[in-house]
Amino acid sequence: MLEKIYVGDLESLVENKKVEGKQLKIGNENFYKISNVDKMRPFFMSIVSNSNHWMFISSTGSLSAGRKNSEFSLFPYYTDDKITESSDTTGSKTIITVKINNKNFLWEPFSNRFKGAYKVSRNIYKNTIGNKVIFEEINHDLNIEFSYQWSSSNKYGFVRKSSIKNNSNNDLDINFLDGIQNILPYGVGEGLQIAQSNLVDAYKKCELENKSKLGIFTLSAIIVDKAEPSEALKANTVWTTEIENTKHLLSSLQLDNFRNGIDLYNEHEIKAEKGAYFINKKIK
């Protein structure tokens, strides 16, 4: 017997859904789909590349990725249990408000922060070659769905494509905050991140190039034990094709403001905080 559970005055919507798998085509590619993946225990996947990219990603969405080896990580290189547990702070993050009948509804796809607030379906697709993975969440109450895909490009590095779809017959006013969190600067190796992550945070510097909206993630100095200057002359970068009428954030500091309906402001330089790259835009 399934008893009703309430969080305050809100009934928690918990459904016994069946996990299913099947093969299908998306475009001209063969994918394997796992439906209701959130009803499974979290599992780990590797995303392959024809170049020197590597990515290990959890079914919760958190990940570690980089080029060559773990010394060139773009996200912290940890064991799979730590990566899985960091789904709310590392990797993709999306927060959406949808205005329906003059009421703003808050939705965080793939997050357990408001688990049970909506009837949702979460699915994962991975192509046969193993170099693409798609995360999809369908909100049946709001009649919208959100998905994002990870893949790699020898020229551009890692590519994340996100999309939102209106499944209703009505126009919707949507305000979204979408991006990635916990981006490492260049020069943070595996050992340094594991042993001195708090010190690494203190040295982090995130900048936004105003014209191109290029996010530049560096260390204020290379972290060494020697009494000598050591400049950080290389950077990791993030950029987006969506720059028109868009606000850009370089950290996760304003996420709670967005959840609370407070207008966001552009971040041009952030120091001593975990790097992020978010875009905020209102669309119809």
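Seven bridges join strand β11 (residues 133-139) to β12 in this predicted model, and the two strands run antiparallel. Strand β12 (residues 144-153) also pairs in the antiparallel sense with strand β13 (residues 157-166), here through 10 bridges. A search of the whole structure finds 13 salt bridges, and several of the charged residues concerned are joined into one network that includes Glu108 and Arg259. A separate open sheet topic, the four strands ordered β17-β16-β15-β19, is treated last.

**Strands β11, β12 and β13**

- β11 and β12 form a hairpin with four residues between them.
- Asparagine 143, in the turn of that hairpin, has a positive phi of about 60°.
- Within the β11-β12 pairing, isoleucine 138 has glutamate 145 of β12 as its bridge partner.
- A hairpin is also formed by β12 and β13, with three residues between them.
- Across the β12-β13 pairing, isoleucine 144 stands opposite asparagine 166 in β13.
- Nine of the 10 residues of β12 are buried, so this strand is largely enclosed by the rest of the structure.
- Strands of a sheet pair through backbone hydrogen bonds, in either a parallel or an antiparallel arrangement.

**Salt bridges around glutamate 108 and arginine 259**

- Arginine 259 forms a salt bridge with glutamate 108, and the closest N and O atoms are 2.4 Å apart.
- Arginine 259 belongs to helix α4 (residues 255-259), while glutamate 108 sits in the loop between β9 (103-107) and β10 (120-127); the pair therefore ties together parts that are 151 residues apart in sequence.
- Both partners of this salt bridge, arginine 259 and glutamate 108, are buried.
- Glutamate 108 has a relative accessibility of 4% and therefore counts as buried.
- Arginine 259 has a relative accessible area of 14%, and it too is buried.
- Glutamate 108 also forms a salt bridge with arginine 113, for which the closest N and O atoms are 3.8 Å apart.
- Arginine 113, at 40% relative accessibility, counts as partly exposed.
- Arginine 259 has a further salt-bridge partner in aspartate 256, with the closest N and O atoms 2.7 Å apart.
- Aspartate 256 and arginine 259 both lie in helix α4, where they are three residues apart, about one turn of the helix.
- Aspartate 256 counts as partly exposed, because its relative accessibility is 45%.
- Through shared partners, salt bridges join Asp88, Lys93, Glu108, Arg113, Asp256 and Arg259 into one network.

**The four-stranded open sheet**

- The sheet has the strand order β17-β16-β15-β19, and its pairing is antiparallel.
- β17 (236-238) and β19 (269-271) stand at the edges with a single partner strand each, so one side of each is left without a neighbour in the sheet.
- From one strand to the next, the twist averages 15°.
- Strand β16 (residues 214-219) pairs with β17 over three bridges, in the antiparallel sense.
- Glycine 215 stands opposite valine 238 in β17.

Methods: Residues are numbered from 1 along each chain as its sequence is written. This is a predicted model: local features need pLDDT of at least 70, side-chain atom pairs count only at pLDDT 80 or more; totals for chains, interfaces and linings use all residues. Side-chain values use heavy atoms; hydrogens and water are left out. A salt bridge is a side-chain nitrogen of Lys or Arg within 4 Å of a carboxyl oxygen of Asp or Glu. Buried means under 20% relative accessible area, exposed over 50%, partly exposed in between (1.4 Å probe, protein chains only). Two strands pair if DSSP finds at least two bridges between them. Axes are lines fitted to C-alpha atoms, for helices over the stretch in contact, and angles run from 0 to 180 degrees between N-to-C directions.
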